[in-house]
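Subject: A structure for you to look through

Dear colleague,

I am passing on the structure that we spoke about, together with some notes on what I found in it. Please open it beside this message and follow the residues as they come up.

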Amino acid sequence: MSQVPEHMTSEPEEEVSTTAAAPSTLLFAIATGVIILNLFAPQTLVGIIGPSLGFSESGAGLVAMASLLGYAAGLFFLVPLADLMENRQLVLRMLLSALVMAIAAAFAPTGWSLLIFLFLLGAACSAIQILVPIAAAMAPPEHRGQVIGNVMSGVMVGILVSRPLASLIADFWGWRSFYALSAATLALLAAVLALRLPERRPLINASYGALIGSLFELLREEPVLRLRAFTAALMMASFSLFWTSVALRLAQPPFSLGQSGVALFALVGAGGAAATSVFGRMGDRGWTRTATLASHLIVLAAMALAAWVGGIRSGDSVALLILLGVSAVLLDVGVTGDQTLGRRAVNLLKPEARGRINGLFVGIFFLGGALGSALAGTAWDFGGWVAVCAGAAGFGVIALITGLAARI
């Protein structure tokens with residue numbers, strides 16, 4: 001395990017004294033779910049936003065990309081501040097910034113101004129990854145995995161419901177209304193967290209530049225961080241490849257679903273979020289390796305089922321849709337399982353570097369998600385749904401081999 005450089009001497013981190021009771025854990029889960037809606041909702045709104053602001057079809061894709069790029073920037077450049085600044089105040093300032101940017105997005109006069117506002121909104125939403133270490137610090141080590149799993153269930157539910165929720169709001173009141181409602185929700189969330197968040201003061205003596213530079217040191221010297229981030233990135237790539245392409249398959253026979261049907265199908269995957277607490281408890285009991293390998297095998301089984309069901313062009317569409325829904329839930333179980341166990345592992349590495357480690361971990365697996373989304377169109381053009389499932393399974397195979405070889 002790496003040592004803190006001489007110019008970054010630190011004392012043991014001051015843990016939060018409050019016990020992570022069930023109501024507090026639920027609050028953290030709701031908070032992370034609410035915040036992350038802003039990152040994935042634009043993916044379903046690009047078809048409306050693009051024409052209204054003069055984007056071409058290819059340019060409209062920038063709308064979905066802007067908030068995710070901002071989020072990645074926040075992970076690498078804002079989340080590390082959690083190891084320097086009092087965390088409660090940092091989270092509240094970032095939420096207020098997100099609130100301002102959501103309002104700005106709702107009134108954006110041009111396409112390019114919207115891209116800027118969404119980028120900054122995404123960066124501010126990286127407050128999620130400061131809330132997770134606060135929750136981890138509130139829990140005793142023997143229950144930390146369970147608490148992280150419960151909190152992360154909010155993130156997964158937020159990701160999965162963001163698309164259908166944004167579509168529903170936009171259908172009634174237009175795309176700008178989504179950001180107006182998001183701003184109102186963020187204001188309420190900030191008020192609640194201002195009352196309920198405990199203080200967390202990391203004790204470290206370093207400049208911001210040295211802190212950012214230490215990210216590379218942590219990644220080089222912490223093998224657990226490298227391995228867990230790598231497998232999480234592979235799992236997120238598989239997740240993104242499937243969910244970016246499934247709407248194309250659902251629009252074809254025998255399903256022939258419209259936009260509202262696809263939106264409802266997206267809710268099915270939210271059931272996989274329930275697995276987070278289960279995998280967290282397995283990690284707490286010392287079953288991390290077994291549970292990790294199981295999560296990778298679940299992804300492979302999910303993609304095998306999805307490929308088989310998707311290859312059928314006629315028959316009972318309801319039964320086939322149910323089976324495809326089962327594959328979606330299994331995929332989400334496997335992905336959330338790997339990520340939950342990975343978060344537990346990296347949050348136990350270096351308490352004084354928890355913010356930086358968390359930012360690195362999540363930033364790397366979001367790069368995997370971007371890779372999966374980028375490959376979706378190529379896989380579909382190359383071999384349709386079967387190629388999509390094969391590509392998603394391929395990421396799972398690499399993760400499984402990595403886990404077997406590295407014994408993580």
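The protein chain is made with 15 helices and 0 strands, and please keep in mind throughout that this is a predicted model. Of the 408 residues in the protein chain, 58% are buried, while the accessible surface of the chain comes to about 15,800 Å², with 69% of that belonging to carbon and sulfur atoms. If you take the contacts with a separation of 6 or more, you will find that residues 24 or more positions apart account for 86% of them.

Let me begin on the inside, with two residues that you can select one after the other.

Ala291 has its place in helix α13, which covers residues 288-310. Is Ala291 buried or exposed? Its relative accessible area is 0%, and because buried means under 20%, Ala291 counts as buried. Leaving aside the neighbours within four places in sequence, Ala291 is in contact with Phe279, Met282 and Leu341. It is also worth looking at Asp338, which lies 47 residues from Ala291 along the chain, although the C-alpha atoms of these two residues are separated by 8.0 Å.

Gln339 belongs to helix α14, made up of residues 317-347. With a relative accessible area of 4%, Gln339 is buried. Which residues is Gln339 in contact with, once its neighbours within four places in sequence are left aside? They are Met156, Ala232, Met236, Phe361 and Phe365, and I suggest displaying their side chains together with that of Gln339.

Now please turn to the surface.

Here Leu62, Met65, Leu69, Trp112, Ile116, Phe119 and Leu120 make a nonpolar surface patch of about 680 Å². The elements that give two or more residues to this patch are α3, with residues 57-77, and α5, with residues 111-124; the largest share, 4 residues, comes from α5. One of the patch residues is Trp112, which is found in helix α5. The relative accessible area of Trp112 is 61%, and because exposed means over 50%, Trp112 counts as exposed. You might therefore set Trp112, which is exposed at 61%, beside Ala291, which is buried at 0%, when you want to see what these two words stand for in the model.

With best wishes

Terms used
Residues numbered from 1 in each chain as written. Predicted model: local features only at pLDDT ≥ 70, side-chain atom pairs only at ≥ 80, totals over all residues. Heavy atoms only, no water. Buried < 20%, exposed > 50% of the residue type's maximum accessible area, 1.4 Å probe, protein only. Contact = heavy atoms within 4.5 Å. Areas by Shrake-Rupley, 256 points an atom, 1.4 Å probe, with all protein chains shown as cover. Patch = residues over 30% accessible without salt bridge, like charges linked within 9 Å, V, L, I, M, F, W, Y side chains within 5 Å. Salt bridge = Lys/Arg side-chain N within 4 Å of Asp/Glu carboxyl O.
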